[in-house]
Amino acid sequence: MLEITNLSKTFFPGTVNERKALRDINLRLNDGEFVTVIGSNGAGKSTVLNMVGGKMRPDAGSVRIAGKDVTKLADHARAKYIGRVFQDPMAGTAPSMSIEENMSLALGRGTFRGLASGVTKNKREQFVEELKSLELGLENRLKAKVGLLSGGQRQALSLLMATFSGPKILLLDEHTAALDPQRAALVARLTEEIVQRHQLTTLMVTHNMEQALRLGSRLIMMHDGQIILDLDSEQKAKMTVPDLLHEFEKIKGAQLDDRTMLQ
Amino acid sequence: MITAVELGLIYAIMALGVYLTFRILDFPDLTVDGSFTSGAATASILIVNGTNPLIATLLAFVVGAVAGIITGLLHTKGKIDGLLAGILTMIALYSINLRIMGKANVSLLGEDTLISPLRENKLLGTPTSVAILFLGCLVVVGLIVWFLRTDVGLAMRATGDNEEMIRSFGVSTDNQKILGLALSNGLVAFAGALIAQFQGFADIGMGIGVILIGLASVIVGQAIFGQRFIWIAALAVVLGSVIYRLVIQLALNAGLEVNDMKLISAVLVVIALILPQWKGFSKFANRIRIRGKATTNQEIKEVGIDA
């Protein structure tokens, strides 16, 4: 479903600030696979997501979604394949527009937007059904402006909007990190349910190791622009957070040694 | 006084154009000062040369829309700052407007215009003409409200509200901005054409400061009537334009001269922008902050609704 081949990206090349964000990354996601991505700051997790989403162009390599090469497509041009939820709960919705208008914007993903009415009776019924699945009572507040919702409600709505219009890939960029523990748990649970229901191929970046182990069917650890650990669901099931930390220290240590030797 | 209301109602169409860019797209578009004159020049020259005034006025809309598209292209494809893109088009239009008219002003005296039925039946300055012009404004408001509720209209509003988000749903925000600027400047030029026919001439300087009149109408109208729903926001712009004219009229009656009008407009806009920030003005402030298009999440948090 998602094929990342030989992807490389260097920020500020040729300057003292030069930083290799991605070093020749290869990653293949099968249909319906739910991959969690962990790694320290600057490991390249978000850069991978931005490359897939189209916010950044790679220096080399390609991104293919469902067999189609999207490497050169602008973010909006590939949006019909990709649903995104951002870390900032405010980023995924339009605050001064109503809940039903936001849902309508999401429903129009990848379609031509013409002079047909944005919110119709039929669409509204569909929105009510979808919103009910969140169990937040938003289905009774269709005309409320999204800016009036709490951060947790907005993030849950963002998640619904990113998924219900049938994208091929779902990208989650630390989407529970900015919420309090209770709301984070709610959004994590909703994520699990929605991914399950739509059988979505998902790439989720997180800082929370416990969450990375609990959610998804595969785990990837990144460090210094490379994938240093790739666990399938069986291996992942046996892992604990201390194991993971230990593994991280081990690989990171070894790698640092290599590099010091080369220098 | 009635003439002031009539003028206010015609200028309201220009203000609705400014509303589209300033509030909906969150884009401060200065093209307006040039495209207003372009509309007046186009319609006047066509009417003088015997074109049907309705067709001439509609063509003025098209010319304004082209000006808007140019600003849009400069900003989106040329990556020029929005304010500067508008200024560049506005300055360039000054020469183009002179080319269109061939001289600094064109008289429409004795010509058949869209206003002449009102003039010939001695309806100008009567409540009847106010009613007719108000009805015309309602039609334009209706069209704008309808448009902003269509799929493309929603995408345009989202472009001004959260660009990142609407791009993630497959909308080219560049195209939305260009379209919005085209519609906005089309309306502005349409209003310019009507003003030329109302006052009986087009003049190269008639667009100077029009952006301020538009902003004053939008800000004053929406400060008073709010913008809870799109139709309230749009209607508030029309009423704001009329209020602006009445304030100008009062200032003139109080002894200020016509030459002071630009200063009065500027002061009025400054007042309308600063007054709501004062604590004692909280009733108005709430209206602008909470219902406002410009409402940021930070502000919502500060007001305490996010709890």
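**Exercise 1. How many residues of chain B are in contact with chain A, and how many residues of chain A do they meet?**

Solution. The structure is a predicted model. Step one is to take the count on each side: 30 residues of chain B are in contact with 39 residues of chain A. Step two is to express the interface as an area. The two chains bury about 2800 Å² between them, and 56% of this lies on carbon and sulfur atoms. Step three is to ask which residues contribute to the share of chain B. Asp151(B), Leu154(B) and Phe169(B) together supply 23% of the area that chain B buries against chain A, more than any other three residues.

**Exercise 2. Describe the polar and charged pairing across the interface, then locate the elements of chain B that take part in the contact surface.**

Solution. Begin with the salt bridges, of which there are four between chain B and chain A. One that can be examined directly joins Lys123(A) to Asp151(B), with the closest N and O atoms 3.4 Å apart. This distance satisfies the 4 Å limit for a salt bridge. Asp151(B) is also among the three residues named above for their buried area.

Next, consider polar contacts: 14 residue pairs across the interface meet the rule, both residues being at pLDDT 80 or more. Then assign the surface to helices. On chain B, α6 (127-148), α7 (151-161), α8 (163-167) and α14 (297-303) each supply at least two residues of the side that touches chain A. The most comes from α7(B), with seven residues. Finally, sort that side of chain B by class: it has twelve nonpolar, seven polar and eleven charged residues.

**Exercise 3. Compare the transmembrane annotation of chain B with the modelled chain at two of the listed segments.**

Solution. An unreviewed UniProt entry lists several residue ranges of chain B under "transmembrane region", including 128-148 and 232-251. Over residues 128-148 of chain B, the chain is 100% helix and 0% strand, with end C-alpha atoms 30 Å apart. Residues 232-251 of chain B are likewise 100% helix and 0% strand, and their end C-alpha atoms are 28 Å apart.

**Exercise 4. State where confidence in chain B is highest and where it is lowest.**

Solution. Take the whole chain, then its extremes. Chain B has a mean pLDDT of 90, and 91% of its residues reach 70 or more. Helix α3 (residues 53-76) of chain B has the highest confidence, at 98, whereas α14(B) has the lowest, at a mean of 40. Over residues 288-307 of chain B, pLDDT stays under 50, and the model has 38 contacts beyond four places in sequence for this stretch. For the complex, the predictor gives an ipTM of 0.89 and a pTM of 0.89.

Technical notes: Residues are numbered from 1 along each chain as its sequence is written. Chains are lettered from A and ligands numbered from 1 in the order in which they are written. This is a predicted model: local features need pLDDT of at least 70, side-chain atom pairs count only at pLDDT 80 or more; totals for chains, interfaces and linings use all residues. Side-chain values use heavy atoms; hydrogens and water are left out. UniProt positions are given in the numbering used here, feature names are shortened, and annotations may be inferred rather than shown by experiment. Helices (H or I, at least four residues) and strands (E, at least two) are DSSP runs, numbered from the N terminus. Contact means heavy atoms within 4.5 Å. Buried area is the accessible area (1.4 Å probe) that two parts lose on being put together, summed over both. A salt bridge is a side-chain nitrogen of Lys or Arg within 4 Å of a carboxyl oxygen of Asp or Glu. A polar contact is a pair of N or O atoms within 3.5 Å; within protein, one must be able to donate a hydrogen and the other to accept it, and residues adjacent in sequence count only if both atoms are side-chain atoms. Ala, Val, Leu, Ile, Met, Phe, Trp, Tyr, Cys and Pro count as nonpolar, Asp, Glu, Lys and Arg as charged, and the others, Gly among them, as polar. pLDDT is the predictor's confidence in each residue, from 0 to 100.
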